[in-house]
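Welcome! Here are a few short exercises, each followed by a worked solution. Have a look at the structure, then try each task before reading on.

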Amino acid sequence: MNKMNNVLVIGSGGREHALCWRLKQSPSVAQIYCAPGNGGISQDVTCLTLATTEAIIEFCREKAISLVVIGPEQPLVEGLADKLTSASIACFGPSKMAARLEGSKGFTKGLCKKYGIPTADYGFFTSPDAAKNFLKNKTYPLVIKADGLAAGKGVIVANSQSEALEAIDSMFSGAFGDSGKSIIIEEFLEGPEVSFFALTDGTSAIEFGYAQDHKRAFDGDKGPNTGGMGTYAPPPIMTDALRKTVMQGIILPTVEAMKKEGCPFKGVLFAGLMLTKQGPKLLEYNARFGDPETQVLMARFNADLYPALLACANGGLDKVKISFSNEAAVCVVMASKGYPGTYEKGSVIKNLEKAGGAPAVKIFHAGTEKRGSDIVAVGGRVLGVTATGKTIREARDVAYKAVSAIDWPEGFCRSDIANKGL
Ligand code: AMP
Ligand code: GLY
């Protein structure tokens, strides 16, 4: 492919920064645009505001965009991919019906049951009475989940019947908005968690890496759940045999099932897995790349990203060659003090250029804005300080060295990212 393709990336997080950065190195890509982007993305590619779907479509025509890459789940669940496809614009990301794999936990659990895909046993409820009835003779812990999107917050582990009753009441009384109008109650699974990625064009699927995330805010997996405080890849726990089991037993049956259901999934399947004693089980699907998983995936990816993403939209993924380097990658998230609760906005982050100067380091931005020559923190998760190295230990040490060079007293990070991979 020659360098004449223009790409538009939708989103504003570290995930989108990592995708833009890797796409920029693609020999098949000429121009990259990101809407809305952020302070760091704007240093790598052109950022702009496109407030409506109509504005996106118009921009794609004006700039001869040959692929739109949709980063976050919200526009997917709302059907942006369908509208782009109807306008004959190629789009990386599933249709609204296929995005139900992320948008409705009830849909996904039903699909797993119908097609024998391993997941926790569960019940699905649309009323508090039915849910409470289900609790009779149950042992604890049990996991209670809002059906719809809840920004990663709609999951409560109940350690007793009273906690379960409280969780049911809070979900049905709107603690997670409309996403809690129906709920799942499921068996508590134990084991290490892995984020597993596969690209699919609706018919074939290829592995696209895996990582371990750190979801709690503080060291030692303490504190509240967050979007993710750091990642490393590849987790040594993911053996070749296990990868094969996941592809054969979870990913490929899902691709097949979605096709049979009349809503083929095109894009990236992000399986949240629990590696239980009985084998890997699906905790949840996401219909998009992970954040901060993408930062370490892109740090290790060493093929041409454009044809791989394009093939998800247009088919022919089975003919696409991808590869990852043998190096390890670690991403340490720096967040605003107070995150995931309330935090101040507007502090200036200094010394980024020097901190990110080493060739093995890339600082991906999430909640930042460029004001004049300053980079200012405007979000919860703000930076993803990412480094590669021969081993996980080396990558971790290089990442933390870069973190300590960043002058931002208003931020914090965990100090134990990747330790469980050592
Ligand atoms: P989810 O948003 O479904 O990925 O859930 C968020 C987190 O809750 C997961 O990363 C797990 O740590 C935990 N979790 C979800 N489902 C279960 C389960 N069935 N058993 C144990 N932990 C779970
Ligand atoms: N890091 C978890 C997610 O992207 O959902």
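**Exercise 1.** Find the residues that surround ligand 2, and sort them by character.

*Solution.* Keep in mind that this is a predicted model. Start with the shell: ligand 2 is surrounded by Asp213, Gly227, Phe270, Asn286, Arg288, Gly290, Asp291, Pro292 and Glu293. Next, sort these residues: 2 are nonpolar, 3 polar and 4 charged. Phe270 also belongs to an aromatic cluster, together with Phe92, Phe197, Phe208, Phe289, Phe301 and Phe324.

**Exercise 2.** Work out which atoms of Gly227, Asp291 and Glu293 lie by polar atoms of ligand 2.

*Solution.* Take the backbone first. A polar backbone atom of Gly227 is 3.2 Å from a nitrogen atom of ligand 2, and a backbone N or O atom of Asp291 is 2.9 Å from an oxygen atom of the ligand. Then turn to side chains: Glu293 places a polar side-chain atom 2.8 Å from a nitrogen atom of ligand 2. Finally, consider cover: of the 200 Å² of accessible area that ligand 2 has on its own, the protein covers 88%.

**Exercise 3.** Classify the aromatic pair of Trp21 and Phe364, and locate both residues in the chain.

*Solution.* The whole structure holds 12 aromatic pairs. For Trp21 and Phe364, the ring centres are 5.4 Å apart and the planes stand at 75°, so this pair is edge-to-face. Now locate the partners: Trp21 sits in helix α1 (residues 14–24) and Phe364 in strand β19 (residues 361–365), 343 residues apart. Last, check accessibility: both Trp21 and Phe364 are buried.

Terms used: Residues are numbered from 1 along each chain as its sequence is written. Chains are lettered from A and ligands numbered from 1 in the order in which they are written. This is a predicted model: local features need pLDDT of at least 70, side-chain atom pairs count only at pLDDT 80 or more; totals for chains, interfaces and linings use all residues. Side-chain values use heavy atoms; hydrogens and water are left out. A residue is near a molecule or strand if one of its heavy atoms lies within 4 Å of it. A polar contact is a pair of N or O atoms within 3.5 Å; within protein, one must be able to donate a hydrogen and the other to accept it, and residues adjacent in sequence count only if both atoms are side-chain atoms. Accessible areas come from the Shrake-Rupley method with a 1.4 Å probe; for residues, only the protein chains shown count as cover. Ala, Val, Leu, Ile, Met, Phe, Trp, Tyr, Cys and Pro count as nonpolar, Asp, Glu, Lys and Arg as charged, and the others, Gly among them, as polar. Rings of Phe, Tyr and Trp (its six-membered ring) pair if their centres lie within 6.5 Å; planes under 30 degrees apart count as stacked, over 60 as edge-to-face and the rest as tilted. Helices (H or I, at least four residues) and strands (E, at least two) are DSSP runs, numbered from the N terminus. Buried means under 20% relative accessible area, exposed over 50%, partly exposed in between (1.4 Å probe, protein chains only).
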